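User: I've got a model open and I'd like to learn how to read a few of its features. Can you walk me through them?

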Amino acid sequence: MKKVVRILLIAAMLVGLFAVRSVSAQEAVTGKKMALVVKFLGNPMFMHLKEVMEEAVVASGNTLDTYDAANDAQKEANLFADLITNQYDAIFIAAVDYVASAPLIDQANEAGIPIAVVDSAVIGFENATFSVMSDNVKAGEIAMEALAKYMDYKGKMIIFENRMSYAVSQRSIGRDNVLRKYRDIEVVNTMNSPSSIDQAMFAMDNFLQADPDITGAWGGNDLCAQGFVAAAKSAGKEAGDIGIVGIDGSVDSIALIKEGWQTATSAQSFGKIGRASVEMMLKVLAGEELEERDILIPVELVDAENVEDYVFD
């Protein structure tokens, strides 16, 4: 019995020792210069990501410089070249284009700089040091289910999305998984474009002129949904005439759901994405092994039934 107790005590001491070593290693990572390259800071969700990550990095005793690629793959490539030249200790990237941005992962690896894919991935993102993203297939599925239900599983709908984004391409897979179940819903028009409120409004104006009886609109993110709402108002529609869904869980779209203009949003947690990304990078810089290299953060549907209880993160 004494031998068993002794073994248990030693095991407990070892666990405690490893825990202390782990915390100490991360605390020892200070004075590092990190960079975050974001596809478009005009999207409030990416501004929130920036703020969350800056707070976490500064709290750890390090610095984070943020750069806006402004939805321009060439600008993103130029920024990346500067980061490597300036010998940053770590890089986070929310990529502009999942094809054109792919070589950036290899460039960081060749330079020996840890690189994390955050939210928006690229082809071959598995070669990055790690990735933290929303469950985008699920996001597309639950947004489409909400829209189909609102449309009573029939009628005409439109799609506006940015297929250059890996995240949106995954959301489209989820959407199409659901659409295949509802044969009485007809997609009458689509447009592929970088996402902005103005672009989505312009597209929706044209869609409504071509098909005034559209009853559903699916946007690749909440900026698209907000553009749809602006176009619907301009066309003299009333709140609720068109089912409109987006993906993000942005503050502005939450307000539109409360007003009855937007049907639902698949809410991401950029707070969780940002904090997890920083925590994992600190482990990497401390020389620790990551238990998991590719993390998917859960999403949740926000609609009229639960919008008052939703907490933005």
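Analyst: Sure, and keep in mind that this is a predicted model. Let's begin with a strand: S11, residues 294-297, has a covered face made of Ile295 and Ile297. Its uncovered face carries Asp294 and Leu296.

User: Which way does strand S5 run relative to S11, and how many bridges join them?

Analyst: S5 (residues 130-134) and S11 run parallel, with four bridges between them. For a spot to look at, find methionine 133, which sits opposite leucine 296 of S11.

User: Next, backbone angles. What sign of phi should I expect?

Analyst: Most residues other than glycine have a negative phi. Here, alanine 70 goes the other way, with a positive phi of about 55 degrees. You'll find alanine 70 in the loop between strand S2 (63-68) and helix H3 (73-85). Aspartate 152 also has a positive phi, about 60 degrees, and lies in the loop between helix H5 (136-150) and strand S6 (155-161).

User: Why does alanine 70 count as partly exposed?

Analyst: Because its relative accessibility is 37%, and partly exposed covers the range between under 20% and over 50%. Aspartate 152, at 48%, is partly exposed as well.

User: And what about cavities: how many of 30 Å³ or more are there?

Analyst: One, in this structure. The largest cavity has a volume of about 170 Å³. It is lined by 17 residues, and Lys39, Asn43, Phe46, Ser195 and Asn221 are the closest to its centre. Helix H6 (residues 166-179) gives the largest share of the lining, three residues. By class, the lining has six nonpolar, seven polar and four charged residues.

How values were computed
Residues numbered from 1 in each chain as written. Predicted model: local features only at pLDDT ≥ 70, side-chain atom pairs only at ≥ 80, totals over all residues. Heavy atoms only, no water. 1 Å grid on protein atoms, 1.4 Å probe; cavity = no way out; pocket = protein on both sides within 12 Å on 5 of 7 lines; lining within 4 Å. Points joined across faces, edges and corners; volume = space filled by probe spheres on them. Helix = DSSP H or I, 4+ residues; strand = E, 2+ residues; numbered from the N terminus. Nonpolar A, V, L, I, M, F, W, Y, C, P; charged D, E, K, R; others polar. Buried < 20%, exposed > 50% of the residue type's maximum accessible area, 1.4 Å probe, protein only. Pairing = 2+ DSSP bridges.
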